[in-house]
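Thanks for coming, everyone. Please bring up the sequence and the model, and follow along as I go.

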Amino acid sequence: MQSTRKPMPVGVEDFKRLVTQGYCFIDKTRFIKDYIDAQGVVTLITRPRRFGKTLTLSMLQYFFDSEQGEENRQLFSGLDIEGAGERYMQEQGTRQVVFLTLKEARSRSFSGMMEKLAEILRQLYDNFRYLQDSEALSSQDREYFTSILNGACPTEKMSFALLNLMKNLEKHHARKPMLLLDEYDAPILFAWEKGYYEECIDFMRGFLSAALKTNPALGSAVLTGVTRISKESIFSGLNNLDVCSVLREKYSDAFGFTQEEAARLMEDCGVGDRLPELAQWYDGCGREIYNPWSVIQFIDHGCKFQPYWLNTSGNAILRDLLERVDSRRQRELYGLLKGKPVEVPVMENFVFGNIGENRNALFMLLMTTGYLKPVEMWKDEERVDWVRLQIPNFEVRFAYRSEILNHIVPSQGEILLRDMLRSMAEGDTQEFAENLSDILRDFVSYHDASQPESFYHGLLLGFSVLMDGKYKVESNKESGYGRFDIAFFPQKENAPGIILELKAAKSEDELEAKAQEALAQIEEKAYGAEMNRLGVKEIWRYGIALYGKRVWLEGEHCR
C-alpha cells in the first residue's frame, strides 16, 4: 500500500470537515443536482445504517443553507455539482435549513427518550436563538421558544417543536425553510427492541405529522432512515411523499460506493488487485453498491478483511427477530445461510407488532436493515411486485452465523456443540448422544422441547452452521425412495457423509424403539442414494429419537 495516501474518513459525518481536512473522499455532490431536478416536497430515503445518510444530509445543509452561504460555496469548488451547470449553483446558499438528527434519541425507557429529545431540541433551537428578538414573532411564539431552550416544554407540546420552529423561521425570513431530518426512525426501532414501542409511536406520529403534513411553513424536507413506518399513520395522508428505498433506481448510487468508485478508491490506495475480495466481503446494498463504512475501515486497517459494519452497534435487530420467529422462519433463515434465497412480495410499510408472525414483514425488514440484498424483482400475474433476497456478502453472513448459533445455544455452549459435531462426523455414537443430551438439558427450554418434531429438525439444522466449509448441508431433500431429514454432503475427498433421521417419541419408554425405527428408515428408503451417486465412499447414518429433553441415538457405519 502507498504510504502517501490520504487518511480514511473513519467516522467523519460533517461534509465541511471531510472536504477541508484532506481526507480521501468520494464525490457524491451529483446527488444535489438529482434532488433539485426531482423538485420533491418531502423525500424519504431509506438505507441501512452506516451507508452515508448523515454525511449526505450534511452536504445538503452546507449547500443550501444561507448561513455563511458565500463561505460554504467554496466547499463545492471543482466538485461534480459545480460542473453540472450554473443554474444548480444558483440554488446554493438560498434557504434557511433546519437540520435535526434523532440517532441519539434512544433510551431504555420512554421517559428517558423524551429527556434526550428535549436536549436535542434545545440544542437545535439554540442555533436560531436570534428569533427570540424577532419582531415578527408573537409573545406566544417567544414563550414557546423559551420553554424549549429551558427544557421546560411539556411532552404534549413538544410534538409541535419542529412545526413551530419552521413557522417562526418563515415569519422572520419571509421564506419557507428546508427540513433535514436524519435517522427519523432510530427512536422507534430502539423502542421496539426495548418494549415501549406504542408510547414512542404515539409521540412520533404527532411530532412528524405536525412538521410534515399540517405545516404550511414547510418548503421542502429530506428524511433518512432505515425503514418506512407507514401504517401507524406517520406518513398516511402525506400525498407529496417520495419514498426512495434500495428497491428504486432513484438515488441508487448516492449512498454507498458504486463498483467504479470502489475500484478507483482501491487503486488510489494502491490495493486495486484486491477488488474481487472486496466485492465478496462488502458488496451489499442493492445493485453492486458497497458498504462505505466497511470499505473505509478495510483500507484504514491495512486491508484486513473482517466484519467492520457488524461491530458498529451490534446485531440487535437480527438477535431480536430470532427470538420472535417460529421454527419455520428459523429454517428459512438457516436456508439463507446455506445460500438459498427467499422470495417475498414487496411490502415496505412496517407494523412492528406483526414482524414475528408475518413472513413478508420479517424478510423485508431484514432487507431494509442491510441483512439481506435484493437480487431480482418481478411482477406476478396479478401485478404484485415480488423480490428475491439473499445474504449479500461474507461480512453479513458472519452475523447470521454468529447470531443464529448464539440463539441456538449461548456462547458458553459452543465448545460442547463443536464436540458434538466432531463426534457425529467421526462416528462416535456414544459421545454424539451424550453431547446432544447435554445440550438439550442445559440450553433448550422445556417449552421448546415439548414441541413437535419440527423443533428438533430446526435445532439440528441450526447446529450445522459450524460445519460450513466442511459439509454442504441439505434438509428435506429427495433421495432414494423418500426425503431425508438432514444430510451432510462432504466437501472434501474421502470425508464421510452423514444422514440424520429424526423421530419425536410420545413417551420416554418409546425412545429406543423410535431411534431404531428412524435408523431403519434410512436403509429402507435408500436415503444414501444421492451420496453414492456423488461418489461418497462411506456414510454415517443416525436415527435420533427425542422426547422433551430426553434423547436416544442409534448409529451405524455404511461403506
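H11 and H12 cross in a left-handed sense. This is a predicted model, by the way. H11 covers residues 186-194, and H12 covers residues 197-212. Two packed helices are described by the angle between their axes and the distance between the axes. For this pair, the angle is about 160° and the axes are 8 Å apart. Angles over 145 degrees count as roughly antiparallel, so H11 is roughly antiparallel to H12.

Who makes the contact? From H11, it is Pro187, Ile188, Ala191 and Trp192. From H12, it is Tyr197, Cys200, Ile201 and Met204.

Stay on H11 for a moment. Its buried residues include Pro187, Ile188, Ala191 and Trp192. Ala186 and Leu189 are buried too. After the helix comes glycine 195. The phi of glycine 195 is positive, near 95°.

Next pair: H8 and H10. H8 runs over residues 139-149. H10 runs over residues 161-173. At what angle do the axes of H8 and H10 cross? Roughly 130°, and they come within 11 Å. That angle is neither over 145 nor between 65 and 115, so H8 and H10 count as oblique to each other. H8 passes H10 in a left-handed crossing. On the H8 side, the contact is made by Asp141, Tyr144, Phe145 and Ile148. On the H10 side, Ala161, Asn164, Leu165, Asn168 and Lys171 take part.

Let's zoom in on one of those residues, aspartate 141. It lies in H8. Is aspartate 141 buried or exposed? Its relative accessible area is 15%, under the 20% cut-off, so aspartate 141 counts as buried. Setting aside residues up to four places away in sequence, aspartate 141 touches Asn168 and Lys171. With lysine 171 there is a polar contact, side chain to side chain, at 2.7 Å.

Now a loop residue, glutamine 96. Find it between helix H6, residues 86-89, and strand S2, residues 97-101. Glutamine 96 has 10% relative accessibility, so it counts as buried. What does glutamine 96 contact, leaving aside neighbours within four places in sequence? The list is Asp65, Ser66, His173, Arg175, Pro177 and Met178. One of these, serine 66, joins its side chain to that of glutamine 96 in a polar contact of 3.0 Å. Look at glutamate 67 as well. Along the chain, it sits 29 residues from glutamine 96. In space, their C-alpha atoms are separated by 7.4 Å.

On to H18, residues 359-368. How many of the ten residues of H18 are buried? Nine, so the helix is largely enclosed by the rest of the structure. The buried set starts with Arg359, then Ala361, Leu362, Phe363 and Met364. Leu365, Leu366, Met367 and Thr368 complete it. Following H18 is glycine 370, with a positive phi near 100°.

Two glycines with positive phi have come up. Here are two residues with positive phi that are not glycine. Arginine 383 has a phi of about 70°. You'll find arginine 383 in the loop between strand S9, residues 373-379, and strand S10, residues 385-390. Its relative accessibility is 58%, so arginine 383 counts as exposed.

Alanine 526 has a positive phi of about 55°. Alanine 526 sits in the loop between helix H24, residues 511-524, and helix H25, residues 529-533. How accessible is alanine 526? Its relative accessible area is 23%, which makes it partly exposed.

Now step back to the whole protein chain. There are 25 helices and 17 strands. The chain has 559 residues, and 54% of them count as buried. Its accessible surface comes to about 24,500 Å². Of that surface, 44% belongs to carbon and sulfur atoms. One last number, on contacts between residues at least 6 apart in sequence. Of these contacts, 70% join residues at least 24 apart.

To recap: the H11 and H12 crossing is left-handed, H8 also passes H10 in a left-handed crossing, and H18 is largely enclosed by the rest of the structure. That's my tour.

Technical notes. Residues are numbered from 1 along each chain as its sequence is written. This is a predicted model: local features need pLDDT of at least 70, side-chain atom pairs count only at pLDDT 80 or more; totals for chains, interfaces and linings use all residues. Side-chain values use heavy atoms; hydrogens and water are left out. Buried means under 20% relative accessible area, exposed over 50%, partly exposed in between (1.4 Å probe, protein chains only). Helices (H or I, at least four residues) and strands (E, at least two) are DSSP runs, numbered from the N terminus. A polar contact is a pair of N or O atoms within 3.5 Å; within protein, one must be able to donate a hydrogen and the other to accept it, and residues adjacent in sequence count only if both atoms are side-chain atoms. Contact means heavy atoms within 4.5 Å. Accessible areas come from the Shrake-Rupley method with a 1.4 Å probe; for residues, only the protein chains shown count as cover. Axes are lines fitted to C-alpha atoms, for helices over the stretch in contact, and angles run from 0 to 180 degrees between N-to-C directions. Angles under 35 degrees count as roughly parallel, over 145 as roughly antiparallel, 65 to 115 as roughly perpendicular and the rest as oblique. A crossing is left-handed if the near helix is turned anticlockwise from the far one by less than a right angle, and right-handed if clockwise.
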